[in-house]
Amino acid sequence: MENKRSSGLSRVLNGFINILIFVSILQIILDDLSVVLMWDQKYKTYLFLAGFAIDCIFSIEFITRTIISIKNSSFANYFFYENGWIDFICSIPLLLFSSGPSFITYMTSGIILTNIFSSVKIMRIVRTIRISRILRILRVLKLLKNLQNANSKMLQNHLKTIMIICIFSIIISLFIYSYIPVFSVQNAVEARTQTYTSIFLAYSNQLLLAIDRKDNRAVDELVKNIRILCFADKNILKLEIKPDFINNNDIKVQNSIYKVKDYEDQILRSHYLDENISSFNLSYSVQDLANIQIGINLLCLFAVILASSAYILYYLKIFVTRISDVIYIIFKGIKHKDYYYQVKIPEHYKDEEIFEFAKFYNNVYLPAKKKMYKGKEKDSKITIDDLLNMDI
Amino acid sequence: MSDTNLQRAEKFINHLLELPNIRIESPIGAESQILLFIKNNRSKLEASFKNPEFFPSIPPDQAIAFILQSLQKRVLESCIPFFTKIIDSEIDFSILNKVHKNHNFNVEAVKQSYKKIIEDMLQDSVCRVQFKSIYYIFEKRYIDKSLALIFERKAFTYNELVRVQKCFIELQDYISYLKMLLLLTPYPHLQKAGNKTLASANGKDEIQSICKLATGSLVKEIPLIDITECKLAVDSNLPDYLLENWEASSRFLFILISRFADYEPANKKEKGAETADKSWYGVARKVAQNYGYNKGIVDELYLIANEIK
C-alpha cells in the first residue's frame, strides 16, 4: 500500500517535471522575445520570476535525486548514465550565476538584469549557456515510447547521443562567437560609449566657449544643433546639462535638452546606460545591441528545437524502421519457436549490413528452423495457471 | 451425479473457451489447443480434478472423458452449421455440369450427400482436426481472393489450374470448384490401411495406398460426383512429388491447407516485419522441396500475398 502510494506520487512528480521542462523552454523563448518586442515591464517581471522559480525547482530536484542516489550508493550511475549531468547543467549553475543573482538584484533595487552587458565574465558565460536548458528536452525522450517503437532502449540512447552532440555543437559555437572580439556585443557597447563621449566632449567645449563669450545666440544655436542630433540618433534617450554648470553662468540655458517619453518603462534598466560627459548627463540605449545578442540566442534556440524535432520526428522513424525493428523481429524469431515473421527489407536499403543480416535470417535461418521443427507439436496457448481461481 | 459432473465439465470447457488466447481461435483450433493442453498437463490435471472445486466424486479419467465429450459437443454445435451454410450459400454445385459436359448432376442430391459426409468427418476426432485449416480458408474467403488475383495475373498458377488440368471454366466457377474439393480433403483421414492412418503412415507408398483407398471409398460415398473430383480432393493431402502432373488443384489446395494449418488468428501485423501471409510463403519457398509444396505456385502466392486482403 505504502509502495503503491509512493509510486503514484513519483508518477505525479515526474509528470509535473516533464510539463515543467516544456514550460521552461517556452519561458526562455518568451523571456527573450519580451526584451526584443519591448513588452510591458510587468510581463518581463513575470517571466523573469518564472525563470527563477523554474531554476529553483530543477535545482531542488537535482539535489533530491543526488541525495537519494547517494543513499542508494548509485550516484555515479545517476550522474553519468541516467542524465544526472544534464540535470546538473540545467539547474545549479543557472541558479547560482544567472537567475539567483538577478533575483537578489531585483529584490534589492527592482532592476531586472539580463547579464548581456555584464562586466563580470562568468555572468556573460552563464547568459550564453542559458540555451543549455534545452538539454532538458532529452529527459522527456522516454515520453516518446508511444510513438513508433520509440520505447527501444537502443533508440533512446542513440537519439540522446545525437541530440547531445547537436546541442553542444550549437552551444559551443555560440560561446565561441560571443568571444570573438569582432562580434562581441560588449565591445560594441564600449565603442558606442566612446563615440558619445567624443561627440559630447566636443559639444561641451563649444558650449563652454560660447558661454565664456556670453554669446546667447551661439549658445541657442549649439543647443538647437545638439537637439537635432538627439532626434536623429534613436539611441539617445535623455540629454541634460548639469544644473551646477548652468548655475555658474549668467546665460540662461534650458536644463533638459532632450528626453524620450517613458523610456524607463519600455527598456530594461540594464539595456540603457548613463554617462557623465563634462557638462552633460547622457542616457543612451544599447537595446539594439542587446537585440542582436538575443536574436543570436533565439536563432540558436530555434535551431536546437528544430534539430531536436527533426531527430524525433524523422530520424527516429528511420532508426526504428532500419535498425531497431529489424533487430526486434530477428530477436523474436530466434527466441520464440513458433515465430516465423520475416523482416521487411526496403528495396533501396537492401545492401546495408543490417539488411544483409536480415536476408540471411529470412532466407537461411527461418527455413532451417522450419525444417528443424517439421512435424513437431506447437506449444499450447493454455497453461495450468489459466485454471487458477476457476470456480466450476 | 453424472449430470452434475457433465455440467461441471461444460463449465470447465466454457472457462477454457473464454480465455483470451482461445476465444479468437476457430472452434476446431480451440479444440486442438484444449486437447494439447490436456495432453501436456494430464498428470497435473488429474491431481487437480480430485479437489472439491472440480470433480471429487469421479475418477480423473472419467472427468477427462466428460470434458472431451462436452468439448466435442460444443465444437460440433458451431462447426456443423458453419459448413452447412457454406454448402448452401457459398458453393455453386451446378458448375459440375460445366466441368463434365457429358454428365447431368443432380445438384440438390450432391448438396445433401456433401452435408452428410461433412457431418461424418466432423464426428471423427482425427478428421475434425483437419478442418481447422478449411474453416479458416472459408472464413477468410481466401480462395475467392487469391484465385481472383491468380486469374488476373494469368501466370504460372493460372496456367497450371486451367491449361495443365484442362479445366476451362470461369473464375467464379473455379472458386466454387476448389471449395467443393476443399471440403472433401480431410476424407483420407477416415481411412485405414491395416493399422495405418494417413497421419501415421510412413513413406510415400503407404501414403499413396491410403489415398488410393480413400478415393475409391469416396467415390462410393458420393457416387453423384465424378472420380476426378474425388481424386483431386483426396490427393490434396499429398506432396507435389506424389501427384500426377495434371493435378494442379490438389497442388494448390495442399499449399493453402498447409498455410492455414499454421495460421494464428492472434498474430497481428508486426512493425518492420512482412505480413504473416507473406512471411509464411517466404519461408515456404525455401522449404518447398522438404514440405512438398509446388515451387511455382508458392512463388506466385508469395508475390501476391500482400494483395490478398
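Three short exercises on the contacts in this predicted model follow, each with a worked solution.

**Exercise 1. Describe how the two domains of chain B meet.**

Step 1. Find the domains. Chain B splits into domain 1, residues 1-85, and domain 2, residues 91-307. Their C-alpha centres lie 30 Å apart.

Step 2. Count the residues in contact. Domain 1 of chain B gives 16 residues, and domain 2 of chain B gives 18.

Step 3. Take the area. About 1,500 Å² is buried between domain 1 and domain 2 of chain B. Carbon and sulfur atoms give 72% of that area.

Step 4. Pick out the residues of domain 1 of chain B that lose the most area to domain 2. They are Ile28(B), Phe82(B) and Phe83(B). Together they make up 35% of what that side buries.

**Exercise 2. Find the polar links between these domains, then sort the domain 1 side by element and by class.**

Step 1. Look for salt bridges. There is 1 across the interface of domain 1 and domain 2 of chain B.

Step 2. Test a pair. Glu31(B) and Arg128(B) have their closest N and O atoms 2.5 Å apart. The cut-off is 4 Å, so this pair counts as a salt bridge.

Step 3. Add the polar contacts. The interface of domain 1 and domain 2 of chain B has 3 residue pairs in polar contact, both residues at pLDDT 80 or more.

Step 4. Assign the elements. On the side of domain 1 of chain B that touches domain 2, α3 (27-40) and α5 (60-90) of chain B each supply at least two residues. The largest share, 8 residues, comes from α5(B).

Step 5. Sort by class. That side of domain 1 of chain B has 9 nonpolar, 5 polar and 2 charged residues.

**Exercise 3. Work through the interface of chain B and chain A in the same order.**

Step 1. Count residues. Chain B brings 44 to the contact, and chain A brings 31.

Step 2. Take the area. About 3,600 Å² is buried between chain B and chain A, with 59% from carbon and sulfur atoms.

Step 3. List the polar links. Between chain B and chain A there are 4 salt bridges. Lys381(A) forms a salt bridge with Glu264(B), with the closest N and O atoms 2.4 Å apart. The interface of chain B and chain A also has 13 residue pairs in polar contact, both residues at pLDDT 80 or more.

Step 4. Assign the elements. Those giving two or more residues to the chain B side include α1 (2-17), α4 (42-49) and α15 (276-286) of chain B. The largest share, 7 residues, comes from α15(B).

Step 5. Sort by class. The side of chain B that touches chain A has 18 nonpolar, 11 polar and 15 charged residues.

Technical notes. Residues are numbered from 1 along each chain as its sequence is written. Chains are lettered from A and ligands numbered from 1 in the order in which they are written. This is a predicted model: local features need pLDDT of at least 70, side-chain atom pairs count only at pLDDT 80 or more; totals for chains, interfaces and linings use all residues. Side-chain values use heavy atoms; hydrogens and water are left out. Domain bounds come from an automatic or database domain assignment. Contact means heavy atoms within 4.5 Å. Buried area is the accessible area (1.4 Å probe) that two parts lose on being put together, summed over both. A salt bridge is a side-chain nitrogen of Lys or Arg within 4 Å of a carboxyl oxygen of Asp or Glu. A polar contact is a pair of N or O atoms within 3.5 Å; within protein, one must be able to donate a hydrogen and the other to accept it, and residues adjacent in sequence count only if both atoms are side-chain atoms. Helices (H or I, at least four residues) and strands (E, at least two) are DSSP runs, numbered from the N terminus. Ala, Val, Leu, Ile, Met, Phe, Trp, Tyr, Cys and Pro count as nonpolar, Asp, Glu, Lys and Arg as charged, and the others, Gly among them, as polar.
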